[in-house]
Structures are given as C-alpha cells and as structure tokens.
Amino acid sequence: MAHDLPRTLAKELDATDPLADLRDRFQIADDLIYLDGNSLGRLPAATPAHLDRLVRHGWGTELVRGWPTWIEWSRRLGDRLAAHALGARPDEVVVCDSTSVNLYKLAAAALDDRPGRRTILADAEDFPTDRYILEGLAAQRGHTLRLIPSHLDGGPEPDTLATALDDDVALVVLSAVSYRSGALADMAAVNAAARRVGAHVLWDLSHAAGAVPVELTASGADLAVGCTYKYLNGGPGASAFLYVRRELQDTLRQPVQGWFGRRDQFRMGPGYEPAEGLDRFLVGTPSILAMAPLDPALDVLAEAGIDRVRAKGVRLGELMVALADAWLAPYGFALASPRDAARRGSHVSLRHPEALRVCRALAAAGVVGDFRVPDRLRLGAAPLYTRFVDVWDAFDRLRDIAERRAWASVPVETPRVT
C-alpha cells in the first residue's frame, strides 16, 4: 500500500467490503475506535434481548422446567463452534468451564494416556495461564516441563520444536496464535511432528477462534481449548470450549470427576464411571447464562463465513503494517508481529520503549488498544465490526501522539494483563 494512503482510500475499502453491513449487528453507540476485540469482543445487538428472554421467560417462568432444553446447550453450542469456527466434526467440541480449567483437564488426560513419558513441551512465551497450569501438573506428577525458546515476535522456530521432540515427550502445548505478537503457528506441521514421536498436542485457540480458519480435523489435531469472549463475542467471562478428536474420546479420562461427566448421571449412582464420548469431559452443571450469548454471536459469524472474516482480517492487518512503516517508524516504532500476513493472526503488535504510556495516551485520544510486556502496543482488528477507516483514524491519532511526544506526560502505572 502506498505510504501516502489517504483517508479516502480507506473509505473506499469500506465501501467495497462484503462484511460492512455486519457492523450494524453490533451495539456501537459512540465514536470510540475499538482495537481490542482480541481481548473482549463487542456486544452483538441481538444479545440483550436474547438474554432478557432467557432470564424473564426461561428462568422467571419456566424455572426448572427449562432444564430439558438447557442441558443440551454445551453440546449444541459446541457443534455450532465446530461447524463455523473450528473445522471439527459434530460431537467433538463442547462448551464448558473456563479455558484454564479445560486446559488442565485435557493436559492431565493426555499425560495419563502416555505412561512412562516424563516430558511436557511448551512455548516459553505462551500465555501465562498455560505455563502456570503445566508447571503445576509437572510438579504434581514428577514430570519435566521443558519451555521451548521462542522469539517474542515470531513464536518458536519449527527446527527448535523438532529438535525438542523425542520419545520421552508426552505432551506439547502451544497457542495457534500468539497472544503477544499474533504469530500464527503451522498446526498441521506441529501435529505431524508430534505424532511421529507418539506425543499428544494440545492447542490453545483463544486468539484464533473466530478470526482465522482453524482446521482441527484436517490438521490432525488431537486436543484443543479456547475462550469465546474475544473474536467470538460471547461476552465477559463467557464459557470456554474444548475439543477432543473423536477417536480419542473413549480412551482419555479427565481428572475432574463431576456428575455431568458420569455415565447415566441422573441415576445418581455410587462411584464414578465416565460417560461415553465427549460427555466425559464435562464436570458440573453448565453455566447457562454464561453460554447463552454465544447463540446470537455465532449467528453473525455464520452469516459472515470464517473465510471472508479471514480475508478481511488480512487486509486490515496489511493496512496497519503499511501505516506503521510509513508513519510511525521515524518515531521509534517497529513491527513486532510477523510481516507475512499468512503467518499472522488478526492482531498486530508494535514495539516501542514507551509502549505502556503510548497505549494510555492513545486511549485518551479515543482509541482502545492494549499493552503487553515488555514494550508492545497490541492492536486487534475484529473483522466483523472494525472498519478500514477505523484503522486509518487510529494510526493517524497514534502518529499525532508520536509527533508531539504526548505519551511523555502520561504517568507510568502497572498494566493489567487480560
């Protein structure tokens, strides 16, 4: 893209955007430029009425009579996610619990399925909760957690991972899209390499689901988890999901033996017997109010189609990279994400020594992004509602902040990482 890209060209891109009308399917009531949909997605316009019906009629009128319908939501919503976002087969995805809890359940099950192997591999720069949970599992079981060296901007090198894989590795845990840089992993290549040495791979899809096409079946994935409140727009703290390849479901046994994962759960039998298939990965009574927003959110994603979402996400990212090169590089900003769009998810990170204060100054100028340690400004374009002119305006304001050094008057404070 031309270095002197005018705002009119950004408006022309919006005018020819096949997803432009979907922006009206979200509640956008102000002039805020929101580039943090990779942390928390916007509210779909249909969600408030959907929740109101559930609360007033479903809970208020139906009471316990609503359970015969609600009890199937974990599986029903899982099938919708499988079809529209994850490239999985029916009965392979279930919505439940949190990403952290699901990661613990599947990691423990995978380790039990590889007795005698003592090594867990993980990305040294992966999202903290993934590393912390694996640290705990390794300590409890006497395993070794080996953290693979990883480039902050590009993720682990394939050769580094290949060298680390041997016949003592039970489990590999990686993110499909890096939370910090947006680096996109080659899932199929990792799955194949791990399978050659007999190891399971557990993918964290939190920054991929709803933004890039994930092909769990085609890539040969065994296990995956992820959240639904980022690009999937399920709302703050919405229920997470887990995926288990069909052929593994009756082999693996997860460690949290709650009544929803028991065979014939309503017989209230004495002792735990895992249910057949995917249900054995459930634990307790599902959080109906935390799952309900996924239905209207998935309606929008289904209408858009994940391939069109990805195509727009690539174009939005290319615009961000072009504007950063042209406008911000002279002021000490550098790209901290893969330059090749095929290796990048739907957010772009910029490196600057004062990134935290720049992020605060940008928020004061009406643009919400976020900061990631040590010195990254992270900007997420959510293709369902982010316009090209939003990106242009955000970078124009960022250029103004850089020119005036407006960040210099912003006090330093400890960031909250979400």
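Visitor: Why does the sulfur of Cys96 form no bond with the closest cysteine sulfur, in Cys227?

Guide: A disulfide is a pair of cysteine sulfur atoms within 2.5 Å. The sulfur of Cys96 lies 13 Å from that of Cys227, its closest cysteine sulfur, which is too far for a bond. Taken from the side of Cys227, the closest cysteine sulfur is that of Cys96, again at 13 Å and too far. The structure therefore holds zero disulfides. This is a predicted model, in which local features need pLDDT of at least 70 and side-chain atom pairs count only at pLDDT 80 or more, while totals for chains, interfaces and linings use all residues. Residues are numbered from 1 along each chain as its sequence is written, and side-chain values use heavy atoms, with hydrogens and water left out.

Visitor: What makes Cys96 count as buried?

Guide: Buried means under 20% relative accessible area, exposed over 50%, and partly exposed in between (1.4 Å probe, protein chains only). Cys96 has 7% relative accessibility, so Cys96 counts as buried. Cys227, at 3%, is buried as well.

Visitor: Why is strand E3 called mostly covered?

Guide: Strands are DSSP runs of at least two residues (E), helices runs of at least four (H or I), both numbered from the N terminus. In E3, residues 119-123, five of five residues are buried. Thr119, Leu121 and Asp123 point one way, Ile120 and Ala122 the other, and all are buried. In a regular strand the side chains alternate between the two faces of the sheet.

Visitor: How do you know that E3 pairs with E5?

Guide: Two strands pair if DSSP finds at least two bridges between them. E3 and E5 (residues 169-175) have four bridges, in the parallel sense, so the condition is met. Ala122 stands opposite Val173 in E5. E3 is also joined to E4 (residues 144-148) by five bridges, and these strands run parallel. Ile120 stands opposite Leu145 in E4.

Visitor: What is the hand of the crossover from E3 to E4?

Guide: A crossover is right-handed if, with the strands pointing away from the viewer, the path from the first strand over the helix to the second runs clockwise. The chain passes from E3 through helix H6 (residues 128-141) to E4, and this β-α-β crossover is right-handed.

Visitor: How many helices and strands does the protein chain have, and why is the chain called as compact as a globular protein of its length?

Guide: The protein chain has 13 helices and 13 strands. The globule rule is 2.2 Å times the number of residues to the power 0.38, and the radius of gyration is taken over C-alpha atoms. For 418 residues the rule gives 22 Å, and the chain's radius of gyration is 22 Å, so the chain is as compact as a globular protein of that length.
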